[in-house]
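Colleague: Please choose a single part of this model and describe closely how it sits among its neighbours. A connected account, suitable for a first-year student, would be most welcome.

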Amino acid sequence: AGLKLEPTNVELYLLRANLFRAQGKNDAVAIEADALVTANPGNSYAQVAAAKMLMRIARPTEAMRLYERALSINPEAYIAQARSGLHDCARRSRAT
């Protein structure tokens, strides 16, 4: 009901994703991340939040795409990207 009233509320998507992750429902987390960016296409914070959701379920390639989108929306979104450790993860996945 909360998302029906506030369909762009990033925190509600994060809450739902965390609940799904706690239940081991990684596919539902990915669906939640997709719904978040669909509802907030021009919001760099939403892109970063969705990327972090994907990083938590070990989907760095998809997360990188969202971090890049966040940077195209707001160049200062790099701060959140750096804090997430995505660069280290991406480097490791390219090395293998």
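Modeller: Helices here are DSSP runs of H or I with at least four residues, and strands are runs of E with at least two, numbered from the N terminus. The model is predicted: local features need pLDDT of at least 70, side-chain atom pairs count only at pLDDT 80 or more, and totals for chains, interfaces and linings use all residues. Residues are numbered from 1 along each chain as its sequence is written, and side-chain values use heavy atoms, leaving out hydrogens and water.

The part chosen is helix 3, residues 26-39. Its buried residues (under 20% relative accessible area, with exposed over 50% and partly exposed in between, for a 1.4 Å probe and protein chains only) are Ala-28, Val-29, Ala-30, Glu-32, Ala-33, Leu-36 and Val-37. They pack against helix 1 (2-5), helix 2 (10-22), helix 4 (44-56) and helix 5 (60-73), where contact means heavy atoms within 4.5 Å.

Consider helix 2 beside helix 3: their axes, lines fitted to C-alpha atoms over the stretch in contact, lie 8 Å apart at an angle of about 170°. The two helices are therefore roughly antiparallel (over 145 degrees, on a scale from 0 to 180 between N-to-C directions). On the side of helix 2, the contact involves Val-10, Tyr-13, Arg-16, Ala-17, Phe-20 and Arg-21; helix 3 contributes residues including Val-29, Glu-32 and Leu-36.

Helix 4 is the next neighbour to consider. The axes of helix 3 and helix 4 come within 9 Å and cross at roughly 170°, which makes this pair roughly antiparallel as well. Among the residues that meet here are Ala-33 and Val-37 of helix 3, and Ala-50 and Met-53 of helix 4.

Helix 3 also takes part in salt bridges, each a side-chain nitrogen of Lys or Arg within 4 Å of a carboxyl oxygen of Asp or Glu. Glu-32 pairs with Arg-16, N to O at 2.7 Å. That pair joins helix 3 to helix 2 across 16 residues. Glu-32 is buried at 5% relative accessible area, whereas Arg-16 is partly exposed at 38%.

Asp-27 forms a salt bridge with Arg-59 at 3.0 Å. Asp-27 belongs to helix 3 and Arg-59 to the loop between helix 4 and helix 5, so parts 32 residues apart in sequence are tied together. Asp-27 is exposed, at 55%, and Arg-59 is partly exposed, at 22%. Arg-59 also bridges to Glu-62 at 3.8 Å, and shared partners thus join Asp-27, Arg-59 and Glu-62 into one network.

Ala-58 lies in that loop too. It has a positive phi of about 60° although it is not a glycine, and it is exposed at 63%.

Notes. The expected span of a helix is 1.5 Å times one less than its number of residues. Angles under 35 degrees count as roughly parallel, over 145 as roughly antiparallel, 65 to 115 as roughly perpendicular and the rest as oblique.
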